[in-house]
Amino acid sequence: MSLTKINCFTYNNPLSSKLSSNITLNPLKKPGSFVMALSSPATTSLGAKVATRLALDHFVEGVLNYTSSIDDFDSRSLSHNIVAEGFKNANRSVYDFGHKLSAGGRMKACLTTLAVVNGAVSVAKVGNGNVYLYRDKKIYSFFEEQSDLSNNVGENSRVSVEFSDIDLEKGDKILLFSRKLTNMESDTLRRFINKIDELNQVIFEKMITKVRERGSLIDDIMVAEFNSDSILLEDVVKNVI
């Protein structure tokens with residue numbers, strides 16, 4: 001699908017103690033391509049909170065270093081490779097930093113990401129985060145299995161990254177969270193999104209309110225909505241406080 005419009009929205013609960021971090025960027029500087037990443041502590045320790053920021057910073061560094069040397073922008077595996085290089089750099093940097101401080105094993109973070117290039121999506125995660133696809137009035141989880149609790153960014157010299165790659169369709173919405181949703185939470189989101197044609201800032205805030213009114217403890221939400229029409233590319237990143 002040729003993308004002409006991408007709407008992006010992020011939410012961080014200001015009352016949360018998780019101290020998560022997120023970013024949205026277009027490292028290729030080309031229409032229809034972008035990267036999202038959400039990092040959160042794997043534990044409540046100080047080391048994990050420091051690792052959260054380091055993981056995001058060095059993920060971005062890995063993405064930018066890789067994309068600066070790309071010649072073939074038409075490769076169907078480009079989105080996958082971009083994410084893979086980001087994770088490789090994030091894990092190596094956090095692991096090395098932790099061992100320099102004799103904090104090896106305690107510097108660990110969860111990292112959930114999304115990359116889009118040429119209509120191809122690659123989502124990936126390490127840790128407890130999860131990613132969902134809204135398509136045809138249904139919500140699908142990209143990752144069903146429970147994550148290995150000992151597999152976090154920076155915890156070991158090597159990290160196992162879970163990937164899922166798909167092709168986009170018009171109207172797709174992809175949602176990133178720092179944890180897996182309950183059945184009630186995913187059903188509430190599905191019912192709300194079913195009633196709208198396209199997200200905007202006001203509707204996004206109402207969606208957050210609706211989910212939290214149902215008793216959800218969701219702290220972080222990142223949403224990307226994809227459309228193909230006559231409108232020029234519009235990258236909108238908004239933070240709801």
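## Arginine 135 and its salt bridge

Arginine 135 is buried, at 16% relative accessible area. The cut-off for buried is under 20%, so arginine 135 falls inside that class. The model is a predicted one.

Arginine 135 forms a salt bridge with glutamate 169. Their closest N and O atoms are 3.5 Å apart. The pair links distant parts of the chain, 34 residues apart. Arginine 135 sits in strand E6 (residues 130-135). Glutamate 169 sits in the loop between E8 and strand E9 (173-177). Glutamate 169 counts as partly exposed, because its relative accessibility is 37%.

## A buried pair

Side chains of opposite charge can pair when their charged atoms come close. Glutamate 225 and lysine 173 form a salt bridge, with closest N and O atoms 3.0 Å apart. This pair also links distant parts of the chain. Glutamate 225 lies in strand E10 (residues 220-227) and lysine 173 in strand E9, 52 residues apart.

Are these two partners buried or exposed? Glutamate 225 is buried, with a relative accessible area of 0%. Lysine 173 is buried at 3% relative accessibility.

## A pair within one helix

Aspartate 187 and arginine 191 meet through their side chains in a salt bridge, 2.7 Å from N to O. Both belong to helix H3 (residues 183-194). They are four residues apart, so about one helical turn separates them. Aspartate 187 is partly exposed, with 26% relative accessible area. Arginine 191 is partly exposed too, with 47%.

Shared partners join Arg135, Glu169 and Asp172 into one salt-bridge network. The structure holds 10 salt bridges.

## Nonpolar cores

In soluble globular proteins, nonpolar side chains tend to be buried together. Here the largest nonpolar core has 26 residues. Which of its residues touch the most other members? They are Val35, Phe59, Ile82, Phe87, Val94, Leu111 and Val153. Strand E3 (34-41), helix H1 (46-67), H2, E4 and strand E5 (120-126) each give two or more residues to this core. H1 gives the most, with seven residues.

Another core lies apart from this one. That core has 20 residues, among them Tyr134, Leu189, Ile196 and Leu199. Back in the largest core, isoleucine 82 is one of the residues that touch the most other members. Leaving aside neighbours within four places in sequence, isoleucine 82 is in contact with Leu28, Val35, Val63, Tyr66, Thr67 and Val117.

## Serine 164

Serine 164 is placed in strand E8 (residues 162-167). Serine 164 counts as buried, because its relative accessibility is 17%. Its C-alpha atom is separated by 5.9 Å from that of serine 122. Along the chain, the two serines are 42 residues apart.

What does serine 164 contact, leaving aside its neighbours within four places in sequence? The contacts are Val121, Ser122, Val123, Phe142 and Phe143.

## A nonpolar surface patch

Leu46, Val50, Phe97 and Leu101 make a nonpolar patch on the surface. The patch covers about 370 Å². Leucine 101 is found in the loop between helix H2 (78-100) and strand E4 (109-117).

Definitions and conventions
Residues numbered from 1 in each chain as written. Predicted model: local features only at pLDDT ≥ 70, side-chain atom pairs only at ≥ 80, totals over all residues. Heavy atoms only, no water. Patch = residues over 30% accessible without salt bridge, like charges linked within 9 Å, V, L, I, M, F, W, Y side chains within 5 Å. Areas by Shrake-Rupley, 256 points an atom, 1.4 Å probe, with all protein chains shown as cover. Salt bridge = Lys/Arg side-chain N within 4 Å of Asp/Glu carboxyl O. Buried < 20%, exposed > 50% of the residue type's maximum accessible area, 1.4 Å probe, protein only. Contact = heavy atoms within 4.5 Å. Core = buried A, V, L, I, M, F, W, Y, C linked by side-chain atoms within 4.5 Å.
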